[in-house]
Each structure stands twice: as C-alpha cells, then as structure tokens.
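Subject: Structure handover and notes

Dear colleague,

I am handing over the structure that we spoke of, and my notes on it follow below. Please read them with the coordinates open beside you.

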Amino acid sequence: MGKGLSPDQIMRRVREAAEPVAASFGLAIWGIEMVSGGRATVRIYVDATPEALAANAEESNGEDGVLEGVSIDQCADISRLVGLALEVDEVFADAWVLEVSSPGFERMFFEAAQLKPYIGRDIDVALLDPHPEIAGRRKFKGPLKAVDGDRFTVEVLLSVSEGEKPAPTDVVIRWDTVKKARLIHIFPDTSKPGAGKNAKKASGKGGGK
C-alpha cells in the first residue's frame, strides 16, 4: 500500500490519475478494482463514454449493447501513462502491478447506474448476505427487468413452496447488498456456418514498479 494511504485513498488517487488519461483517448473509466496479495494489483477497465454506450444500446435494441472500441494499443498506452503518474506520486510503497483492459463482453458492473443500458439482458448477481426476502439465497441469474436509483429488478426462477415447480419471479435487489454483478453474454453458435462474427476482447497490461 501507499505510504500512510488507506485502500480507499489509493483507489481515489488511481482514479484521479486514470480519468484524464482515458479521456485523452476519447474513453472513460468503466471501473477500478484492487486485488491484494503478494503484490498489489490494480485493474483499470476502460470503455467507450457513457453517451456512446447508451447510443449503441439504443441502436442495437438490447441485442448487444457492447462497443468494441478499445484497442490493445490504447490499453498499453494508458497503462504506461497512468503507471508513470502513480510512480511520480509514490502512491504505492511496495511492489505493484497495473493492468488496463476493456470490460469485455461479460463485464462487471461497479455501480447501479451502469446497469440501465443492459435492461433486457441476462445478468449474474452475487450478494454479500442472503436476500432479506429469500432465505439462504445469495446468487441470482436472469434478465434485468428494471433499474430504479440504487435498486434493480432481476427475473429469476423461484419455487414459492417446497416441491412446487419454479416460476419466473421478479426479485428487487439493493446495490449496496451486491458483492459482484456481471453481464452474461450469449455468444453465437459458431458450430454452424455463418452463425455470427467472432467476439473480440481488447486487453492489455502495464507495469508498475
């Protein structure tokens, strides 16, 4: 960790360094995560701007909603520039690694507002604790039905009583109870001729000190 810096302070410093760099490439920060271990690893996800994502989702009618607008070269350049800024600022006191990539097709979500363009798509959600209205259940998977502020609704198959056949049920989830949420991408069936184009994912890695 940085000298005297808390994890939240480090994350804030990383974001302050990364946002203007990403903007200079016409991109935005989708999310940042820090993984503790033998050495600190910071992962920065960059993507098209929210405006471009929203426009793409509207044009695709919910079929895709993911732009392939981040190149490997851009990720490498952003990693280099952000890494230099963090070194100059001495954010990390010990060895660290910086990774920069696109969120990809099965992207993680970092805030409730990011969910809106993906209404109608399937998502996978894991909660910190069991859902208050569904005893013992922490994981939910199904179509995203609605987003309202810090709450969102997922349609899942639930049995009302033991032995009863599961039926589609709307489950409302508060974002502050979410441990992890990601998009489920349905890849085309490439076993059939002309089944669709191959998916591409931009990724890159940069080093720290």
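The notes below go from the overall chain to aromatic pairs, salt bridges and a few single residues.

Please keep in mind throughout that this is a predicted model.

Overall chain

The chain has three helices and nine strands, and their order along the sequence reads α-β-β-α-α-β-β-β-β-β-β-β. Of its 209 residues, 40% count as buried, and the chain exposes about 11900 Å², of which carbon and sulfur atoms supply 50%. Among the contacts with a separation of 6 or more, 59% are made by residues 24 or more positions apart.

Aromatic pairs

The structure holds five aromatic pairs, and I describe two of them here. The first one I looked at joins Trp30 and Phe109, whose ring centres are 6.1 Å apart and whose planes are at 55 degrees, so this pair is tilted. It links distant parts of the chain, since Trp30 belongs to strand S1 (residues 28-35), while Phe109 is in the loop between S3 and strand S4 (122-127), 79 residues apart from Trp30. Both Trp30 and Phe109 are buried.

The other pair is made by Tyr45 and Phe110, with ring centres 5.9 Å apart and planes at 40 degrees; because that angle lies between 30 and 60 degrees, this pair is tilted too. Here again distant parts of the chain are linked, with Tyr45 in strand S2 (residues 40-47) and Phe110 in the loop between S3 and S4, 65 residues apart. The two partners fall on opposite sides of the 20% limit for burial: Tyr45 is buried, with a relative accessible area of 14%, whereas Phe110, with 27%, is partly exposed.

Trp30 and Phe109 also belong, together with Tyr118, to one aromatic cluster. In addition, the charged end of Arg107 sits over the ring of Trp30, at 4.7 Å from the ring centre.

Salt bridges

What else does Arg107 take part in, apart from its place over the Trp30 ring? Arg107 forms a salt bridge with Asp47, in which the closest N and O atoms are 2.5 Å apart. This pair connects the loop between S3 and S4, where Arg107 lies, with strand S2, where Asp47 lies, and the two are 60 residues apart. Both of these residues are buried.

The structure holds 10 salt bridges, and the one just described is among them. Another is formed by the side chains of Glu33 and Arg43, at 3.6 Å from N to O; Glu33 is in strand S1 and Arg43 in strand S2, 10 residues apart, and the pair is listed as linking distant parts of the chain. Arg43 counts as partly exposed, at 28% relative accessibility.

A further bridge joins Lys145 to Glu155, the closest N and O atoms being 3.4 Å apart. Lys145 belongs to strand S5 (residues 139-148) and Glu155 to strand S6 (residues 151-158), and these two are likewise 10 residues apart. Both fall into the partly exposed class, with a relative accessible area of 38% for Lys145 and 27% for Glu155. Turning from this pair to bridges that share partners, one finds Glu33, Arg43 and Glu99 joined into one network.

Glu99 and Ser71

Where does Glu99 of that network lie, and is Glu99 buried or exposed? Glu99 is found in strand S3 (residues 96-101), and it counts as buried because its relative accessible area, 19%, is under the 20% limit. The side chain of Glu99 makes a polar contact with the side chain of Arg43, at 3.2 Å.

Ser71 lies in the loop between helix H2 (50-60) and helix H3 (72-89), and at 30% relative accessibility it counts as partly exposed. Ser71 is 24 residues from Asp47 in sequence, and the C-alpha atoms of the two are 9.9 Å apart in space. Asp47 is thus a residue to look up twice, since it is also the partner of Arg107 in the salt bridge given above.

With best regards

Notes. Residues are numbered from 1 along each chain as its sequence is written. This is a predicted model: local features need pLDDT of at least 70, side-chain atom pairs count only at pLDDT 80 or more; totals for chains, interfaces and linings use all residues. Side-chain values use heavy atoms; hydrogens and water are left out. Helices (H or I, at least four residues) and strands (E, at least two) are DSSP runs, numbered from the N terminus. Buried means under 20% relative accessible area, exposed over 50%, partly exposed in between (1.4 Å probe, protein chains only). A polar contact is a pair of N or O atoms within 3.5 Å; within protein, one must be able to donate a hydrogen and the other to accept it, and residues adjacent in sequence count only if both atoms are side-chain atoms. Contact means heavy atoms within 4.5 Å. Accessible areas come from the Shrake-Rupley method with a 1.4 Å probe; for residues, only the protein chains shown count as cover. Rings of Phe, Tyr and Trp (its six-membered ring) pair if their centres lie within 6.5 Å; planes under 30 degrees apart count as stacked, over 60 as edge-to-face and the rest as tilted. A charge sits over a ring if NZ of Lys or CZ of Arg is within 6 Å of the ring centre and within 35 degrees of the ring normal. A salt bridge is a side-chain nitrogen of Lys or Arg within 4 Å of a carboxyl oxygen of Asp or Glu.
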